[in-house]
Amino acid sequence: MSRAVRLGAFIVATLAVLAAGVFIIGNRRYLFSSTYRLKAEFDNAAGLDPGADVRVAGVHRGTVRSIDLPPRPGEKIVVAMDLDASTQDIIKKDSLASVETEGLIGDKYVAVSFGSAEADKVQDGDTIRGQPTLEISSLIKKTSEFLESGQKTMKNVTQATSGVGGMVAEAKEGATSFNENMEALKHNFFLRGFFKKRGYEDSAELTKYEITRLPRNAPLKNFTFPAKQLFDKPDTAKLKNEKSLKPAGDYLADNKTGLAVVVGYTGMAGDTERNLVLSEARAMVIRNYLAENFQLDDTRLKTLGMGEKSGASSKDDWGAIEIIVYPTGTPMPPAKQPEEKLKKAAKK
């Protein structure tokens, strides 16, 4: 074999090894960092593939290692994940995993939530609980039911010519059905953009951390921010000036405190019930920002939507945000039940 042939074979072999190395490293993003194995169980993992992202509070911190079918019917799919070792301080045994989609038709990834402060840390090989995956088919079904309900309402109103009483009864029944469908469709993938314009995507999240009242203890510290300073518009919960919250975030991170409550208010303009929902959304958005950007115990960070701000009269008054901090040992007020809001909407 000539020298030129041997040299050519050596170059080809070297390029092949380099290409294989690039491929392996590209598929093992955490090859050179400390990781641990975590598993999650799902009823359905449609669209999820090995190599998909694993995100903790929206930040990429791992990769799906494998997806194993159950050995027999009735059992769950097991998704094995490799996560960065630093996440063991925030992922606990009561953390939840869910299969999410990037945008409307984007790639699937696994989202893992923070655990509670009092729960034990996960260990290598532990299994956490998976939340049910929202199917596109179920969304289409809900949309279809919503459209059918609207058609039925219009048909009933048109045909109810036998008397005013009958027409009112039919219209009331249709309106109740409409409200119920709208509440369900707040979770709908296709309508998420409507709520996103107002600063939040899922109305079910508004009462997740909400309490029914403020504690009776005297507060340790009170931060007050005009809503106009924090939010983009008077009728949204979309943040525009997050840096204004830094003094409150630093105080919560640097001091030993008890319960902290983010209280939301709106101005007087607009519908009272919608303003109540908006105040809950504003409190939730502020609470999530503080929890995600400051090192604090978010299990003691709660929300309370108060609706319209008492005494607000000018259209320029958008309301306010208060962050009220209480000393250690402050009892936790009862949590607000989401069902209360649903029942209230159904009665209207």
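The turns below cover the fold, cores and one loop residue of a predicted model.

In this predicted model, local features need pLDDT of at least 70 and side-chain atom pairs count only at pLDDT 80 or more, while totals for chains, interfaces and linings use all residues. Residues are numbered from 1 along each chain as its sequence is written, and side-chain values use heavy atoms, with hydrogens and water left out.

User: How many helices and strands does the chain have?
Analyst: Helices (H or I, at least four residues) and strands (E, at least two) are DSSP runs, numbered from the N terminus. The chain comes to eight helices and 11 strands.

User: Which element gives the most to the largest nonpolar core?
Analyst: A nonpolar core is a set of buried Ala, Val, Leu, Ile, Met, Phe, Trp, Tyr and Cys residues joined through side-chain atoms within 4.5 Å. The largest has 29 residues. Strand 9 (260-266) and helix 7 (272-293) are among the elements that each supply at least two of them. Eight residues come from the top contributor, helix 7.

User: Is Thr-87 buried or exposed?
Analyst: Thr-87 sits in the loop between strand 4 (77-84) and strand 5 (96-101). Buried means under 20% relative accessible area, exposed over 50%, partly exposed in between (1.4 Å probe, protein chains only). Because its relative accessibility is 3%, Thr-87 counts as buried.

User: Which residues does Thr-87 touch, not counting residues up to four places away in sequence?
Analyst: Contact means heavy atoms within 4.5 Å. With residues up to four places away in sequence not counted, Thr-87 touches Tyr-36, Val-56 and Arg-61.
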